[in-house]
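Student: I would like to look closely at a single part of this protein, but I get lost easily. Could you help me find my way to it?

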Amino acid sequence: MTNRDNRIVRPVLDRLVKQIAELYERDIITVLVSSGSVIAGMEVLGHSDIKDKASRRQVYSAIGQPRMMRLYYNIFHDYGMKCAQVLPTKNDFDPGEHRRNMQNCYENLLSEGVIPIANEDDTVSLTHAMFSDNDELASLIAEMIDADKLIILTDIDGLYDGHPDADDSSLVEEVGIDENVNHFINDGHKGEAEGRGGMLSKLNYAKQTAAKNIPTIIANGKSENTIIDIIDGKAVGTKVEI
Ligand SMILES: Nc1ncnc2c1ncn2[C@@H]1O[C@H](COP(=O)(O)OP(=O)(O)O)[C@@H](O)[C@H]1O
Ligand SMILES: N[C@@H](CCC(=O)OP(=O)(O)O)C(=O)O
């Protein structure tokens, strides 16, 4: 949802919500895990003189998160739908009260037909409370709510069996959780956005989630109809399976 110039690409959000709305009509309810707060904050504040990277991230995300939610609120509203914000830190997933509260909140939002939108609580999660990235957050949520499927969207069609730009590399349609294909990935060659994750992280969390019996797919969030195509059983992206 962000481009090479670190800007939020609104048509990507539009397409995402359009598909979530279509699924809702089919009685399939989605939990969305969305990054974007840091970049949305950068767009507003521009350059910051704060030297410390973590402090800068806190400030950008504090500014950008409500902006992301305003965008989502408006787009969901256009489809006659309601969305909500859940901002956890990694500690909230430890067994205990916070986890139970969060689980309860998800159940109640879903039973009300409201689409939860999660992002890391970047303003408070520094060091140990930080997720390695939003792929880890999505994996933890999928497990906590016992999701039927996890779709990890990125800026490429899925995992390639070599450098994505090389003529002789092609899309891997299926990967088993015990298959070691890490050597396919060249994370020095990061995607377009400023994200923390990368393909290796997506693959690792996809495997962890699939190991818990939640079918997981890595696919291109920039294509027109990716989510619907996956739900319709079309061969899209890289399926990670037990
Ligand atoms: N073997 C590979 N297959 C697919 N993508 C790869 C591979 N090796 C490196 N990549 C890079 O990973 C990027 C996807 O991860 P990225 O978008 O950076 O993650 P995040 O959204 O977590 O920041 C792709 O754009 C691609 O450049
Ligand atoms: N929570 C941060 C992004 C965190 C992150 O790691 O994002 P990603 O690389 O997309 O998994 C934000 O909203 O800007």
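How many helices and strands does the protein have, and where is the place of Ser170?

Tutor: Happy to help! Residues are numbered from 1 along each chain as its sequence is written, while chains are lettered from A and ligands numbered from 1 in the order in which they are written. This is a predicted model, where local features need pLDDT of at least 70, side-chain atom pairs count only at pLDDT 80 or more, and totals for chains, interfaces and linings use all residues; side-chain values use heavy atoms, leaving out hydrogens and water.

Let us start with the whole. The protein has seven helices and seven strands; these are DSSP runs numbered from the N terminus, with at least four residues of H or I for a helix and at least two of E for a strand. Read from the N terminus, their order is α-β-α-α-β-α-β-α-β-β-α-β-α-β. The radius of gyration is 17 Å, close to the 18 Å that the globule rule gives for 242 residues, so the protein is as compact as a globular protein of that length. That radius is taken over C-alpha atoms, and the rule is 2.2 Å times the number of residues to the power 0.38. Along its principal axes, the C-alpha trace spans about 45 × 45 × 40 Å.

Some of the strands come together. Three of them make an open sheet, ordered β1-β3-β2 with parallel pairing; two strands pair if DSSP finds at least two bridges between them. At the edges are β1 (32–33) and β2 (82–86), each pairing on one side only. Between β1 and β3 (residues 114–118) there are two bridges, and Leu32 has Ile117 in β3 as its bridge partner.

Now for your residue. Ser170 sits in the loop between β4 (150–154) and β5 (174–176). Is Ser170 buried or exposed? With a 1.4 Å probe and protein chains only, buried means under 20% relative accessible area, exposed over 50%, and partly exposed in between. Ser170 has 38% relative accessibility, so it counts as partly exposed. Across the protein, buried residues make up 45% of the 242.

What does Ser170 touch? Setting aside neighbours within four places in sequence, Ser170 is in contact with Leu159, Tyr160 and Asp161, where contact means heavy atoms within 4.5 Å. The C-alpha atoms of Ser170 and Gly158 are 9.7 Å apart, and these two residues are twelve residues apart along the chain.
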